[in-house]
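Please take a look at the model below. The report after it covers aromatic rings and helix packing.

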Amino acid sequence: MKTLIIYAHPETKGHCPLILKEMESLHKKEKIPYEVIDLYKIKYDPVLKASEHYTAGNRAVSGQNKIFQEKIRAADRLIFIHPVWWGSYPAVLKGFIDRVFTSGFAFNLKPLGFLGLAMPIKHLKGKKAAVLQTTGSPKIITATYLGNRFKKTLKHETFAFCGIKSRYFQIDKATQVTEKQVSRIKKEAKKAMGWLYS
Ligand SMILES: Cc1cc2nc3c(=O)[nH]c(=O)nc-3n(C[C@H](O)[C@H](O)[C@H](O)COP(=O)(O)O)c2cc1C
C-alpha cells in the first residue's frame, strides 16, 4: 500500500498544518508508508506552459511533473489537504492538477463519433482519494444553502473523470484553532483513515 499526501497550505500554523500532522501521525501509528508533496514548501510553479498545452497538441511534461505522475501512478491512496479559498482550492493545487493530471497520463478522450462528444478513458482507476478541507464558513451554509460547491470541481471534474474514487472530510468554522477544532480535526482525520484503508 502506497500513500501520497498532496498538501496545499502556506503556513505552519492553523488548521491545515494540524490536519497534516494528525494524518502523518496516524500513518506512522498504523505503519502505513506515505510521502508528502508540500506544494508551498517546494515552491511549486503552478503555471501551465504553452509547451504543455495538450489540447493544442503540445505534449511537454516537465521532469518534476513526470516524477509526480510516477508517484501518483504508484500510489494506491491519495490524500489532499487544503483550505477553501474563494469557493475552491488554492491556485497552487489547481496548477498542480493542470500540469500533472495530463491527457495520456490521467485519462484519454475517446471520440464517440457524434455531436462532437468524447468519453474519458480513465487511467487512474482503483485509487482512492480523501480530501480534507477547511472552510471559514459553517457547513450549514456550504452544504445546504450553497449546495457544497467546494467539493464539486475536484470530485466530479477531476477525480471521477480520471477514475479515482473520492470522499470529502470538511472541517468548517475554521476561523480559530480552539480545543474544539483540534478534536474535530482528529475526528475527521480518523474518519478519513477509516474510509481510505477499509
Ligand atoms: C484568499 C481566501 C479566500 C477564502 N475564501 C473562503 C471561501 O470562499 N469560503 C469559506 O468558507 N472560507 C474562505 N476563506 C477562509 C478559509 O477557508 C479559512 O481561513 C481556512 O479554511 C482556515 O484554515 P487554516 O487555519 O488551515 O488556514 C478564505 C480565506 C482566504 C485567505
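What follows goes through the aromatic pairs, then a charge over a ring, then two helix contacts.

**Aromatic pairs**

This is a predicted model. A search of the whole structure turns up seven aromatic pairs. A pair of aromatic rings is described by the distance of the centres and the angle of the planes. Two of the pairs are set out here.

| Pair | Centre to centre | Angle between planes | Geometry |
|---|---|---|---|
| Phe-107 and Phe-161 | 5.1 Å | 70° | edge-to-face |
| Phe-169 and Trp-195 | 6.4 Å | 55° | tilted |

Take Phe-107 and Phe-161. Phe-107 belongs to strand β4 (residues 107–111), and Phe-161 to helix α5 (residues 152–162). The two are 54 residues apart, so this pair links distant parts of the chain. Phe-107 is buried, at a relative accessible area of 7%. Phe-161 is partly exposed, with 28% relative accessibility.

Now Phe-169 and Trp-195. Phe-169 lies in strand β7 (residues 165–171), and Trp-195 lies in helix α6 (residues 179–196). The partners are 26 residues apart in sequence, so the pair ties those parts together. Are these rings buried or exposed? Phe-169 is buried, at 4% relative accessibility. Trp-195 also counts as buried, at 11%.

Tyr-44, Phe-68 and Phe-96 join in one aromatic cluster.

**A charge over a ring**

Trp-195 has a further partner. The charged end of Lys-128 sits over the Trp-195 ring, 4.7 Å from the ring centre.

**Helix α1 against α6**

Helix α6, which carries Trp-195, also packs with helix α1 (residues 15–29): their axes come within 9 Å. How do the two helices cross? The angle is roughly 45°, which makes α1 oblique to α6. The crossing is right-handed.

On the α1 side, the contact is made by His-15, Leu-18, Ile-19, Glu-22, Met-23, Leu-26 and His-27. Residues of α6 in this contact include Val-182, Ile-185, Ala-189, Met-193 and Leu-196. Charged names appear there too, among them Lys-186 and Lys-190.

**Helix α2 against α3**

The second contact is between helix α2 (residues 63–74) and helix α3 (residues 91–100). Their axes come within 10 Å and cross at roughly 85°. The two helices are therefore roughly perpendicular to each other.

Which residues meet here? From α2 come Asn-65, Phe-68, Gln-69 and Ile-72. From α3 come Phe-96, Arg-99 and Val-100. Phe-68 and Phe-96 are also members of the aromatic cluster with Tyr-44.

Terms used: Residues numbered from 1 in each chain as written. Predicted model: local features only at pLDDT ≥ 70, side-chain atom pairs only at ≥ 80, totals over all residues. Heavy atoms only, no water. Phe/Tyr/Trp six-rings, centres within 6.5 Å; stacked < 30°, edge-to-face > 60°. Helix = DSSP H or I, 4+ residues; strand = E, 2+ residues; numbered from the N terminus. Buried < 20%, exposed > 50% of the residue type's maximum accessible area, 1.4 Å probe, protein only. Lys NZ or Arg CZ within 6 Å of the ring centre and 35° of its normal. Axes fitted to C-alpha atoms, helices over the stretch in contact; angles between N-to-C directions. Parallel < 35°, antiparallel > 145°, perpendicular 65-115°, else oblique. Left-handed = near helix turned anticlockwise from the far one by under 90°. Contact = heavy atoms within 4.5 Å.
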